[in-house]
Amino acid sequence: MSIASDKLEIIRQQVQYHLDHAEQSRLTPDQEAALKQQITDRLESENAVLIAHYYTAPEIQALAEETGGCVSDSLEMARFGHDHSAETLVVAGVKFMGETAKILNPEKRVLMPTLEATCSLDLGCPVEEFSAFCDAHPDREVVVYANTSAAVKARADWVVTSSIALDVAEHLAEEGKKIIWAPDRHLGDYVRRQSGADILIWDGACIVHEEFKARGIADLKRVYPDAAVLVHPESPASVLELADRVGSTTQIIRAACEMDNRRFIVATDQGIFYKLQQQAPDKEFIIAPTAGEGATCRSCANCPWMAMNELETLAGVFDRSDNEIFVDPELGARATVPLQRMLDFAARLNVTVKGNA
Ligand code: SF4
């Protein structure tokens, strides 16, 4: 199963549009300060809290922290929203994150700067095709990554984040169960090789992580031989082979704090540099190269959909009628089952489930 070529073309066009747009939308410091104040005031008057993903722009992450919100991965974002007293959750991330927040907090209003912010993994796994794929293999447990729609989650037996994916696969293998894994082929391949489980893998990919180049990282390692390489498992196997640590967003941040190295080459979205520099201010972080020969950028490791979360759109988040997340209650109830299964499993393992893209 793969993303259809016409859909890939649409994705490419969206990526280019938003890369171009991002270049044009730089704010002056005064404009940025005014927008931040405007958003802060509205969050307070609307009894709302801002919850941002690690991959959003530094000014969005800073604002979330300054206003009592949180910066995290998608599941922790949903959990934070659940525990917080605010009636409205403003989710700065991509659409599946807003949906996960709504599934786990059906009584709350969930708003996003734009519902156009999506994810190539979500786009590449439409529920009708995926459901047919599952129906064709009824003997397999269906394990889906958090980066999927509510409908795909509702079709699954398990939802996993990258930090618990391996544990779940090993658990299912021990029980003699075979697995369908969706949608990320690189993460699925990594889990299959590490666990030895019998896994049938859907053919989706993250357009950011798939672009990291092993050759470029190896070249960079020659320049900085003391640097440790931290890699997100949505990256290709050739890149994972060069890693000193493979891990989720949260695990990458933790590794940077715990490892003795002073310098790191980081293969994940560059939005994570805000947290890395905040948590390990005395260390140096270098973005892993994505550029091939002839490319005009050294690294394009910046998700175009995450980049749609801008201060300007955030400032208008309460004034539009096209940016609220709705999940059909019956669908949400079904999607809760595999999500809860992961949370219960994690509780039994006593591990955190932080760490999807
Ligand atoms: S970085 Fe990749 S996995 Fe994360 S939202 Fe963007 S496309 Fe999806």
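# Helix pairs, core and local details

Helix α4 passes helix α5 in a right-handed crossing. This is a predicted model, so let's take a friendly walk through what it shows, starting with that pair.

**Two packed helix pairs**

Two packed helices are described by the angle between their axes and the distance between the axes. For α4 (residues 74-83) and α5 (residues 95-104), the axes come within 9 Å of each other and cross at roughly 40 degrees. That angle makes α4 oblique to α5, because it falls outside the parallel, antiparallel and perpendicular classes. On the α4 side, the residues that meet α5 are S74, L75, M77, A78, G81 and H82, and their partners in α5 are M97, T100, A101 and L104. Sorted by class, this contact has 6 nonpolar residues, 4 polar residues and no charged ones.

A second pair can be described in the same way. Helix α9 (residues 165-174) packs against helix α10 (residues 185-195) at an angle of about 50 degrees, and their axes are 9 Å apart. This makes α9 oblique to α10. Here, too, the crossing of α9 over α10 is right-handed. From α9, the residues A165, L166, A169, E170 and A173 meet L187, V191, Q194 and S195 of α10. The class count for this contact is 6 nonpolar, 2 polar and 1 charged.

**The chain and its core**

Stepping back, the protein chain has 16 helices and 12 strands. Of its 357 residues, 48% are buried. Among contacts between residues at least 6 apart in sequence, 65% join residues at least 24 apart.

In soluble globular proteins, nonpolar side chains tend to be buried together. In this model, the largest nonpolar core has 106 residues. Those with the most contacts inside that core are I51, V90, V91, V143, L230 and V266. V90 is a handy one to click on in the viewer: leaving aside residues up to four places away in sequence, V90 touches L43, A48, V49, L50, I51, L111 and V317.

Helix α13 (residues 249-258) has its own set of buried residues, namely T249, T250, I252, I253, A255 and A256. The elements covering them include the strands β9 (228-231), β10 (245-246) and β11 (263-267), along with helix α14 (273-279).

**Local details to look at**

Most residues other than glycine have a negative phi, and most peptide bonds are trans. Two places in this chain are worth a look with that in mind. The peptide bond from A182 to P183 is cis, with omega near -5 degrees. P183 sits in the loop between β7 (178-182) and α10. At N47, phi is near 50 degrees, a positive value in a residue other than glycine. N47 belongs to the loop between α2 (29-45) and β1 (48-53).

How exposed are N47 and F273? The table gives the class of each residue with its neighbor count.

| Residue | Burial class | Other C-beta atoms within 10 Å |
|---|---|---|
| N47 | exposed | 11 C-beta atoms |
| F273 | partly exposed | 17 C-beta atoms |

N47 counts as exposed because its 11 neighbors meet the cut-off of 12 or fewer. F273 has 17, which lies between that cut-off and the 20 or more needed for a buried residue, so F273 is partly exposed. F273 is located in helix α14. The C-alpha atoms of F273 and I286 are separated by 9.0 Å, and these two residues are 13 apart along the chain.

Terms used:
Residues numbered from 1 in each chain as written. Predicted model: local features only at pLDDT ≥ 70, side-chain atom pairs only at ≥ 80, totals over all residues. Axes fitted to C-alpha atoms, helices over the stretch in contact; angles between N-to-C directions. Helix = DSSP H or I, 4+ residues; strand = E, 2+ residues; numbered from the N terminus. Parallel < 35°, antiparallel > 145°, perpendicular 65-115°, else oblique. Left-handed = near helix turned anticlockwise from the far one by under 90°. Contact = placed C-beta atoms within 7 Å. Nonpolar A, V, L, I, M, F, W, Y, C, P; charged D, E, K, R; others polar. Core = buried A, V, L, I, M, F, W, Y, C linked by C-beta atoms within 7 Å.
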